[in-house]
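Q: Hi! I'm new to this one, so could you walk me through it?

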Amino acid sequence: MNQLPEHVRRNRAHWDQLAPNYVSAGEHGWITNEPNWGIWSVPESEVRMFPDELANKDVIELGCGTAYVSSWLARRGARVVGIDNSEQQLATAKRLQREHGLDFPLIHGNAEAVPYPDASFDFAISEYGACLWADPYRWVPEAARLLRPEGRLHFLVNAFLLTLCVPAEDDRAAEDRLLRSAFGMYRIEWPTDDSVEFHLSHGDWIVLLRRSGFEIEDLVEIRPGANAKTRYPFVTLEWARQWPSEEVWKVRKR
Ligand SMILES: C[S@@+](CC[C@H](N)C(=O)[O-])C[C@H]1O[C@@H](n2cnc3c(N)ncnc32)[C@H](O)[C@@H]1O
């Protein structure tokens, strides 16, 4: 525990405390088996977070939380591993595994240093997991190490534009003006809790991904449906129908 980086220790405490608030979303995710993504629950047919072939592929979910994404992958025939920094989130995931009769490895650990050999996986995925809460200059090279050549990494995070427009105060939605600098955007500590997030500009993502050995295949800017709803206060539907509030990066290891 003492050897964990400071942001990982803080985020562990944060997510252990927050875990009860994620139980019901986790239960719902495990029941549906119809993949949908992000805060607007956009269907898989629009986002294509999963590659076409999953059967018998080795897959890792980086920051799996309650592991509903991993459950969707396992049901599609993937040999999936979930890693998460929060024991409490994993406790929910393990209970849901038992209830749904699905078993796959769930590792309590930091996605910046995964206890698997090089080239162990064909696909890595993260939905608001390590891709938001781990240091991109550590977890992206680690994902590249874990993937085989031609392996894919897909991740969904808050859109760069949204992060520029969200006020620091809790429960205030994104405004229609820029509230922070784009240049140098990296580590963000919101004043209302003790967690640490990481957000990069598009330019910095591109440099990091390419330098880590990835080719960029797609950047999907999510558009919520007409009547989409979210339980999160940081963006309104009106805002998200005009500008990207979430984005999906799809990259392939060279
Ligand atoms: C919002 S949940 C993501 C799970 C799910 N997709 C969701 O949207 O609810 C964020 C998860 O990332 C995990 N996490 C944060 N930092 C991490 C790290 N360095 N390594 C692995 N998991 C991490 C947290 O413990 C938490 O369970």
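Q: Let's start with the second largest pocket. Which element gives the largest share of its lining?
A: Happy to help! Keep in mind that this is a predicted model. The largest share of that pocket's lining comes from β7, which gives five residues.

Q: Which strands supply at least two residues each?
A: Those are β6, residues 121-127, and β7, residues 147-158.

Q: And how much space lies in there?
A: About 180 Å³ for the second largest pocket.

Q: Nice. Which residues line the second largest pocket?
A: Here they are in sequence order: Pro51, Asp52, Glu53, Leu54, Lys57, Asp122, Phe123, Arg148, Pro149, Glu150, Gly151 and Arg152.

Q: How do the residues of that lining divide into nonpolar, polar and charged?
A: Seven are charged, four are nonpolar and one is polar.

Q: OK, new topic: rings. How many aromatic pairs does the count come to?
A: The count is 15 aromatic pairs. Take Trp15 and Trp133 as an example: their ring centres are 5.3 Å apart and their planes meet at 85°, so this pair is edge-to-face.

Q: Where in the chain are Trp15 and Trp133?
A: Trp15 is in helix α1 (residues 6-18) and Trp133 is in helix α6 (residues 130-133). They are 118 residues apart, so the pair links distant parts of the chain.

Q: Is Trp15 buried or exposed?
A: Trp15 is buried, because its relative accessible area is 13%, under the 20% cut-off. Trp133 is buried as well, with a value of 15%.

Q: What kind of pair do Tyr116 and Phe121 form?
A: Theirs is a tilted aromatic pair, with 5.2 Å from centre to centre and 55° between the planes. As for accessibility, Phe121 is buried at 3%, whereas Tyr116 counts as partly exposed at 26%.

Q: Which residues do ring pairs link into a cluster?
A: That cluster is made of Trp37, Phe50, Tyr68 and Trp72.

Q: Which ring does the charged end of Arg231 sit over?
A: The ring of Tyr22. The charged end of Arg231 is 4.7 Å from the centre of that ring.

Q: Switching again: what can you tell me about phi of Asn33?
A: For Asn33, phi is near 60°, which is a positive value in a residue other than glycine. For context, most residues other than glycine have a negative phi.

Q: Where does Asn33 sit?
A: Asn33 belongs to the loop between α2 (23-32) and β1 (36-37). Asn33 is partly exposed, with 25% relative accessible area.

Q: And what is phi of Ala119 near?
A: Phi of Ala119 is near 55°, again a positive value in a residue other than glycine. Ala119 is found in the loop between β5 (106-108) and β6, and its 34% relative accessibility makes it partly exposed.

Q: One last residue, Thr163. Which helix does Thr163 lie in?
A: Thr163 is part of helix α8, which covers residues 160-165.

Q: Why does Thr163 count as buried?
A: Because its relative accessibility is 3%, and buried means under 20%.

Q: What does Thr163 touch, not counting residues up to four places away in sequence?
A: Leaving those sequence neighbours aside, Thr163 is in contact with Asn158, Arg180, Met185, Ile188 and His199.

Methods. Residues numbered from 1 in each chain as written. Predicted model: local features only at pLDDT ≥ 70, side-chain atom pairs only at ≥ 80, totals over all residues. Heavy atoms only, no water. 1 Å grid on protein atoms, 1.4 Å probe; cavity = no way out; pocket = protein on both sides within 12 Å on 5 of 7 lines; lining within 4 Å. Points joined across faces, edges and corners; volume = space filled by probe spheres on them. Helix = DSSP H or I, 4+ residues; strand = E, 2+ residues; numbered from the N terminus. Nonpolar A, V, L, I, M, F, W, Y, C, P; charged D, E, K, R; others polar. Buried < 20%, exposed > 50% of the residue type's maximum accessible area, 1.4 Å probe, protein only. Contact = heavy atoms within 4.5 Å. Phe/Tyr/Trp six-rings, centres within 6.5 Å; stacked < 30°, edge-to-face > 60°. Lys NZ or Arg CZ within 6 Å of the ring centre and 35° of its normal.
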